[in-house]
Amino acid sequence: MSDERSPSLAHQPAAGGIAARAMAAARPAAYLQGLNPEQRAAVETLDGPVLVLAGAGTGKTRVLTTRIAHILATGRAAPYQILAVTFTNKAAREMRERIGVLIGQSVEGMPWLGTFHAIGVKILRRHAELVDLKSNFTILDTDDQVRLMKQVIAAADIDEKRWPARQLANAIDSWKNRGLTPAQVPAGEAMSFANGKGGELYAAYQARLKTLNAADFGDLLLECIRLFRENPGVLAEYHRRFRFMLVDEYQDTNVAQYLWLRLLSQAPAGEKVNLCCVGDDDQSIYGWRGAEVDNILRFEKDFQGSTIIRLERNYRSTGHILGAAGHLIARNEGRLGKTLFTDDVEGERVTVAGAWDSGEEARAIGDEIENLQRKGHALNDIAILVRASFQMREFEDRFVTLGLPYRVIGGPRFYERAEIRDALAYFRATMQPADDLAFERIVNVPKRGLGDATVQILHDYARHNSVPMMQAARVLVETEELKPKPRQTLRDLMTAFGRWAAQSEVLGHQELAELILEESGYTDMWQKDRTAEAAGRLENLKELVRSMESFENMAGFLEHISLVMDASEEGASEDKVSILTLHGAKGLEYDTVFLPGWEEGLFPHQRSLDENGRAGLEEERRLAYVGLTRARRRAKVWFASNRRIHGLWQATMPSRFVDELPAAHVDVVEPSGSYSSGGAFAMSRFDKAQPFSGSTYSTPGWQRARENMASGFKATQPPPRREPLTIEGELVARSTGTASVHKVGDRVFHVKFGYGDIAEIDGNKLTVDFDKAGRKRVVDSFVAAA
Ligand code: ATP
Ligand code: MG
């Protein structure tokens, strides 16, 4: 078999093996048993590049794991010669364990099994001096990164208020994700920050990192790439070392990861690249973070003589679940299209249920889970997958009330999030002036110039006089102990706390909470923040205020919180319901999956639609597909007719994805008893809905939702609109994009920002001077010629 062999569906193991493999084939090893022929081909095709392109639950991850076991068992490579990339550290741990089970011995010695970042940092430490670092370099977190960025901006004499450090941090991150060093940043983009200083600042920031012997997250790959490019000898060493390379979730690799892999997989002349990537274009859900689904489609071109293997049998889900998920994802235009079938039973249909509001949704799901538990289902086999993390709060509160154990995967529990703890600290310090921990937490959050030195003085005085810190502060602001500036700031802060305490007597506690968050500058801090998480944090803060509603006063609320926090101390190993985001659920599976919040604006998320138009919608749909395909036996979709958004009750419409589910695989259930509050949903629309019927918006469910909206509720959310341009048959998740059809100076119309003139063009991204909205960067597919 030669390298020129055209890519094909390989149903047969590759030839050209060694004796051990021939023997293994004659007497299939235990770990190969149970694999279907395509899976087996993917495991046994060890020579040359292999791409496994297959739908959810077809055993891609299992194939990778078995492939490693096979390589080890047949002696084709030692553990330290295998590079295996997983998407999370958790996935790496699980893979390590499973390989151990498959080959019947522990695999401690697989140093190169981990995430891109974990492997990148390991390589960098070994050659740190070649990229101007020492091997003990520190890795900066986002906060450090922003702090450093501020210094760089100040040093360049740029007004940080106009050009916030977070914005620069975001730009630099995205350049790093795309594998761009300061010299490689396209001129147009470098111009976009601080009137053309973006590129220079990036270079200055990199220089500062070196002086500090530090790297940020993006550097872990970018500096690796530079290392390989500038030191062919080092790269050759890794070529010799990594006899086999394997990558899971390949559809979500970004450009930097791709470049990194390509460098590592350039085999010396005459040798084959033993790279095996597995992925599913329908599960590409990190486009917003720079992932390039193109990578998977380019595989055949990039790696000569590759074997493409398709797996079509799904082993995870029942017929109805798979039918529903397959039908939904078929709406996407930018996809390859795959066959997926199951030999499993039809099973239970996917259920869709409507609740009056999000509180009722949480109560009903809590009841359903208790029912399942009574029937003997393990809580460990049940998950709730949410679109936005603020949705978790209502479930957590409900479960605490019910005494139902739960865990939040991939992030802190709601009340443990940094922004929630900060807000609670403000409330506690207002209500309980002796709460030093609370006061200390927020005395300089947002940054107001009350740094460590000031806090130390407060501490010393408080301890010496055995008084709380806030009392110490009140005394010290009347003295010369502190420098004039911090003294004034602290005095203002203490005045504010005094005022809030007085207002707690007259204002409602929700009103008070909002006032504190406003006046302290805390909300403002996140509003100015340009990082990807900031919007989510603001949502969480609103959710916090909303959650206070069911309490009589602030004291009652704070008491409840201390109970919730306490519950988190319980044992970790017991049976628990999992709560996680759809993004965090990738690769996982559960018997029963609840999918709450399928409402327009929340899912698909409005931000995604606003920022990325049709591509954004399709990414949201892939997320829905990921959600449904996590379920083995039961998938339960919910939506609420009313949700409190930005403090206002709003009538919400069922997600268009609800309408896109096929009648044949779905049961619309009317919640029993107290939950049948009516108006949420009507029963019959699935009888009439045609699969693939033309307009999503003409179905009865949709119409009803609109009528419902017209008849009274305040809705500030506009009905979803159609994008002005459709991208026919083009792959939509790409983020770098091709050249725009527009020219500088063209007049265009944008659905959100109105009319404007194009000032700059960079690929498919336009900088437009809008008549009303000012200068904005937008995606080309979201504007039309005016
Ligand atoms: P995803 O796209 O969600 O990451 P995947 O393609 O990686 O899914 P796996 O997680 O590897 O799929 O497998 C899905 C489930 O099917 C797992 O429980 C796995 O153990 C099971 N499975 C895979 N192949 C087989 C097989 N040949 N026989 C029995 N069970 C299988
Ligand atoms: Mg997988």
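**View 1. The shell of residues around ligand 1 in the predicted model.** Ala, Val, Leu, Ile, Met, Phe, Trp, Tyr, Cys and Pro count as nonpolar, Asp, Glu, Lys and Arg as charged, and the others, Gly among them, as polar. On this basis, the shell around ligand 1 in this predicted model is made up of 9 polar, 6 charged and 3 nonpolar residues. Among the 18 residues that surround ligand 1, those that come nearest are Lys60, Thr61, Gln283, Glu589 and Arg630.

**View 2. Polar side chains facing ligand 1.** The side chain of Thr61 places an N or O atom 2.8 Å from an oxygen atom of ligand 1, and an N or O atom in the side chain of Gln283 is likewise 2.8 Å from an oxygen atom of the ligand. A nitrogen atom of ligand 1 lies 3.4 Å from a polar side-chain atom of Tyr315. Taken on its own, ligand 1 has 630 Å² of accessible area, of which the protein covers 82%.

**View 3. Ligand 1 between two domains.** Because domain 1 (2-8 + 35-115 + 240-313) and domain 3 (322-405 + 578-711) both contribute residues to the shell, ligand 1 lies between them.

**View 4. Helix α3 and Lys60 beside ligand 1.** Helix α3, which spans residues 60-73, gives the most to the shell around ligand 1, with 3 residues. Lys60 lies in this helix and, with a relative accessibility of 11%, counts as buried, because the cut-off for that class is under 20%. An unreviewed UniProt entry lists Ala54, Gly55, Ala56, Gly57, Thr58, Gly59, Lys60 and Thr61 under "binding site".

Notes. Residues numbered from 1 in each chain as written. Chains lettered and ligands numbered in written order. Predicted model: local features only at pLDDT ≥ 70, side-chain atom pairs only at ≥ 80, totals over all residues. Heavy atoms only, no water. Near = heavy atom within 4 Å. Polar contact = N/O pair within 3.5 Å; in protein donor to acceptor, adjacent residues only side chain to side chain. Areas by Shrake-Rupley, 256 points an atom, 1.4 Å probe, with all protein chains shown as cover. Helix = DSSP H or I, 4+ residues; strand = E, 2+ residues; numbered from the N terminus. Domains from an automatic or database assignment. UniProt positions renumbered as here; feature names shortened; annotations may be inferred. Buried < 20%, exposed > 50% of the residue type's maximum accessible area, 1.4 Å probe, protein only.
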